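Subject: The structure, and what turned up in it

Hello,

Here is the structure I promised to pass on. Have a look at it first, and then read on for my notes.

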Amino acid sequence: TLGDTVLREMTREVGCVARKSIVTKGNTILFLSDDGVYALDFIDQYNLRGTEEPLSKAIQPYIDRINKGLAASSVGIYFNNRYFLAVPLDSAVGADDATGNNAILVFNMKNKAWESVDTFGNNDFNINNLLKGQAEERNELYIVNNNGGVHLADANDVAQDNYSISTTGSELQAGIDYELKTRGYTFNDYGRKKFKKATVQMQSSDSNASDVDFLFATEDPDSENNFITDIATMLDTSIGLPGQLEADENADFSFRLGNPRGVYGVLTIKRKIVGSTAIGRPKVTSVAIESTKTSRQTITQY
């Protein structure tokens, strides 16, 4: 009964803007505030300690795009060691063109880092809720959209997504425009250097062969995200047919970066389009970059 309830103020350091964004994991509370995603840790039963900076500082450009008028409808859930937060993202800061929760921000609790921003193949796919449910012997994450559709997240590892925005259940398909960007490789030195070589270890999915584009960019001086090579080029057997990383296979790919100069460099691994279809969706297990500092020997950073 209401007579058994107690209202207790926990902290005044930061407030919550979306009731359903609140998620508890162990002694930590995660939620969306006006300034981004914050984490509060329980010190004892009723004392909390807030972080001085938002947990979402590293993805502030995306936080700035959250539609202020719709932010209260954001939804969060903890699943598979990750914090999933569905938010209404405008196409640009202040554009005010979001119509609902059209993106999911994913924070990896093990790595303590944001690992992806997931969007969908249709502007009318807006998320009402995120739910955990049991499917046979395992739990799954389900997405409920505005039209009442229930969708299984991460149902497969192919490069196409199946979804429905119709109450009749008719199915649509969209290619997944995936892209992985590494951190900026500085080699613990902010002097200028030449970037010589990259090595990427990856594995194809169980059911599909893969091909991706490798691009590289430097900062200070800035260089464009230039195309370097792709799997097809490196596996070309010179018989007129491009190569692919076959299904359920893994390989190490080493390639030269062309000696661009800069303070740090970023490698981008992007889907390869043939016709209108992406070729597979591989898993990247490691990346290494080699560079040469001024008057020093070649060093490698992972």
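Let me start with one pair of residues: Thr28 has Asp41 as its bridge partner in strand E3. Please keep in mind throughout that this is a predicted model.

That bridge belongs to a hairpin made by E2 and E3, with 2 residues between the strands. E2 covers residues 28-33, and its pairing with E3 is antiparallel, over 6 bridges. Is E3 enclosed by the rest of the structure or open? It is largely enclosed, because 5 of the 7 residues in this strand (36-42) are buried.

Salt bridges

The structure has 7 salt bridges, and three of them are worth a look.

One joins Lys57 to Glu53, with 3.1 Å between the closest N and O atoms. Glu53 has a relative accessibility of 46%, so it counts as partly exposed.

Another is formed by Arg271 and Asp177, where the closest N and O atoms are also found 3.1 Å apart. This pair ties together distant parts of the chain, 94 residues apart: Arg271 is in strand E20 (residues 264-271), while Asp177 is in the loop between strand E13 (172-175) and strand E14 (179-181). The two partners differ in their surroundings. Arg271 counts as buried because its relative accessibility is 19%, and the cut-off for buried is under 20%. Asp177, at 52%, counts as exposed.

There is a little more to say about Arg271. Setting aside neighbours within four places in sequence, its contacts are Gly175, Ile176, Asp177, Tyr178, Asp213 and Ala278. Its side chain makes a polar contact with the side chain of Asp177 at 3.1 Å. You may also like to find Arg281, which is 10 residues from Arg271 along the chain; the C-alpha atoms of the two are separated by 7.4 Å.

The third salt bridge is between Lys272 and Asp213, with the closest N and O atoms 3.2 Å apart. This pair also links distant parts of the chain: Lys272 is in the loop between E20 and strand E21 (273-274), Asp213 is in strand E16, and their positions lie 59 residues apart in the numbering. Both Lys272 and Asp213 are buried. Through shared partners, salt bridges join Asp213, Asp230 and Lys272 into one network.

Two buried aspartates without a salt bridge

Which charged side chain comes nearest to Asp211 from the opposite side of the charge scale? It is Lys272, 5.2 Å away, and Asp211 is buried with no salt bridge. A salt bridge needs the nitrogen and the carboxyl oxygen within 4 Å. Asp211 sits in the loop between strand E15 (193-203) and strand E16 (212-219). What does its side chain reach instead? One polar partner is the backbone nitrogen of Ile231, at 3.0 Å. The backbone nitrogen of Ala232 is another, 3.2 Å from a polar atom of the Asp211 side chain. Apart from residues up to four places away in sequence, Asp211 touches Tyr178, Asp230, Ile231, Ala232, Lys272 and Ile279.

Asp90 is likewise buried and without a salt bridge; for this residue, the nearest side chain of opposite charge is Arg65, 7.5 Å away. You will find Asp90 in the loop between strand E6 (82-87) and strand E7 (103-108). A polar atom of its side chain lies 2.9 Å from the backbone nitrogen of Ala98. Leaving out neighbours within four places in sequence, Asp90 is in contact with Arg65, Asn67, Ala95, Asp96, Asp97 and Ala98.

Aromatic rings

How many aromatic pairs does the whole structure hold? The search finds 7. One of them is Phe187 with Phe195, a tilted pair with 6.2 Å from centre to centre and 45° between the planes. Phe187 and Phe195 are both buried. Elsewhere in the list, Phe120, Phe125 and Tyr163 form one aromatic cluster.

If you open the model at your desk, Asp211 is a handy place to begin, since the loop that holds it leads into strand E16, where Asp213 of the salt-bridge network is found.

Best wishes

How values were computed. Residues are numbered from 1 along each chain as its sequence is written. This is a predicted model: local features need pLDDT of at least 70, side-chain atom pairs count only at pLDDT 80 or more; totals for chains, interfaces and linings use all residues. Side-chain values use heavy atoms; hydrogens and water are left out. Helices (H or I, at least four residues) and strands (E, at least two) are DSSP runs, numbered from the N terminus. Buried means under 20% relative accessible area, exposed over 50%, partly exposed in between (1.4 Å probe, protein chains only). Lys and Arg count as positive and Asp and Glu as negative; His and the chain ends are not counted. A polar contact is a pair of N or O atoms within 3.5 Å; within protein, one must be able to donate a hydrogen and the other to accept it, and residues adjacent in sequence count only if both atoms are side-chain atoms. Contact means heavy atoms within 4.5 Å. Rings of Phe, Tyr and Trp (its six-membered ring) pair if their centres lie within 6.5 Å; planes under 30 degrees apart count as stacked, over 60 as edge-to-face and the rest as tilted. Two strands pair if DSSP finds at least two bridges between them.
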